[in-house]
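Got the viewer open? Let's take a short walk through this one, picking out a few residues at a time.

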Amino acid sequence: QVQLVESGGGLAQAGGSLRLSCAASGRTFSSFAMGWFRQTPGKEREFVAALTWRGGSTRFADSVKGRFTISRDKDKNTVYLQMNSLKPEDTGVYFCAAYPFGTTWYAEDEREYEYWGPGTQVTVSS
């Protein structure tokens with residue numbers, strides 16, 4: 001199977017930046033979709049951003065458009081989430097996820113994602 005491990009979480013100030021990494025191991029496929037989700041205690045897990053590994057197409061939640069960027073490094077088997085202009089409401093546990101897809105990209109639907117990392121905490125002060 002595929003294993004995903006997030007890193008780069010921590011404490012940031014409002015208006016600051018953090019860069020999250022998701023390292024993949026095991027068998028991966030060029031047809032995989034990669035996504036980032038986040039969750040705050042008492043709330044449902046929500047979609048943040050996604051990309052297609054092969055083509056690099058991206059999608060973002062409206063709440064992070066213009067502030068967050070998702071990218072991947074194929075040589076390192078790693079996907080990144082660059083978070084700029086952070087707000088306190090960005091606080092939460094961030095999860096990396098992946099699934100193999102065919103012709104339809106269900107980028108925002110967490111039910112489609114087969115593999116999940118353990119998550120990394122992001123806390124934005126102020």
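Here is a tour in four stops, each starting with something to select.

**Stop 1: colour by confidence**

What you have on screen is a predicted model, so start by colouring it by pLDDT. The chain averages 94, and 98% of the residues score at least 70. Now pick out two strands: β2 (residues 10–13) has the highest mean pLDDT among the elements of the chain, at 98, while β3 (residues 18–26) has the lowest, at 95. A habit to keep for any model like this: where pLDDT is low, don't read the predicted coordinates in detail.

**Stop 2: the disulfide**

Next, select Cys-22 and Cys-96 and show their side chains. How far is it from S to S in the disulfide that joins them? The distance is 2.0 Å. A search of the whole structure finds one disulfide, so you're looking at it. Cys-22 sits in strand β3 and Cys-96 in strand β9 (residues 92–100), so this pair ties together parts that are 74 residues apart in sequence. Turn the view to look along the S-S bond of Cys-22 and Cys-96: the torsion is about -80 degrees, which makes the disulfide left-handed.

Are these two cysteines buried or exposed? Switch on a surface and check. Cys-22 counts as buried because its relative accessibility is 1%, under the 20% cut-off. Cys-96 is buried too, at 0%.

**Stop 3: Arg-67**

Now move to Arg-67, in the loop between β6 (58–60) and β7 (68–73). With a relative accessible area of 11%, Arg-67 is buried. What does its side chain make a polar contact with? Show Asp-90: the side chains of Arg-67 and Asp-90 make a polar contact at 2.8 Å. Add Ser-85 as well, whose backbone oxygen lies 3.0 Å from a polar atom of the Arg-67 side chain. To see who else is around, leave out residues up to four places away in sequence; Arg-67 then touches Gln-82, Met-83, Asn-84, Ser-85, Leu-86, Lys-87 and Asp-90.

**Stop 4: Gln-82**

One of the residues Arg-67 touches is Gln-82, so let's finish there. You'll find Gln-82 in strand β8 (residues 78–83). Show its side chain together with that of Asn-84: the two make a polar contact at 3.0 Å. Then set aside the neighbours within four places in sequence and select what Gln-82 is in contact with: Ser-17, Leu-18, Arg-19, Arg-67, Phe-68 and Thr-69. Arg-67 is in that list, which brings you back to the previous stop.

Terms used
Residues numbered from 1 in each chain as written. Predicted model: local features only at pLDDT ≥ 70, side-chain atom pairs only at ≥ 80, totals over all residues. Heavy atoms only, no water. Helix = DSSP H or I, 4+ residues; strand = E, 2+ residues; numbered from the N terminus. Polar contact = N/O pair within 3.5 Å; in protein donor to acceptor, adjacent residues only side chain to side chain. Contact = heavy atoms within 4.5 Å. pLDDT = per-residue confidence, 0-100. Disulfide = S-S within 2.5 Å. Buried < 20%, exposed > 50% of the residue type's maximum accessible area, 1.4 Å probe, protein only.
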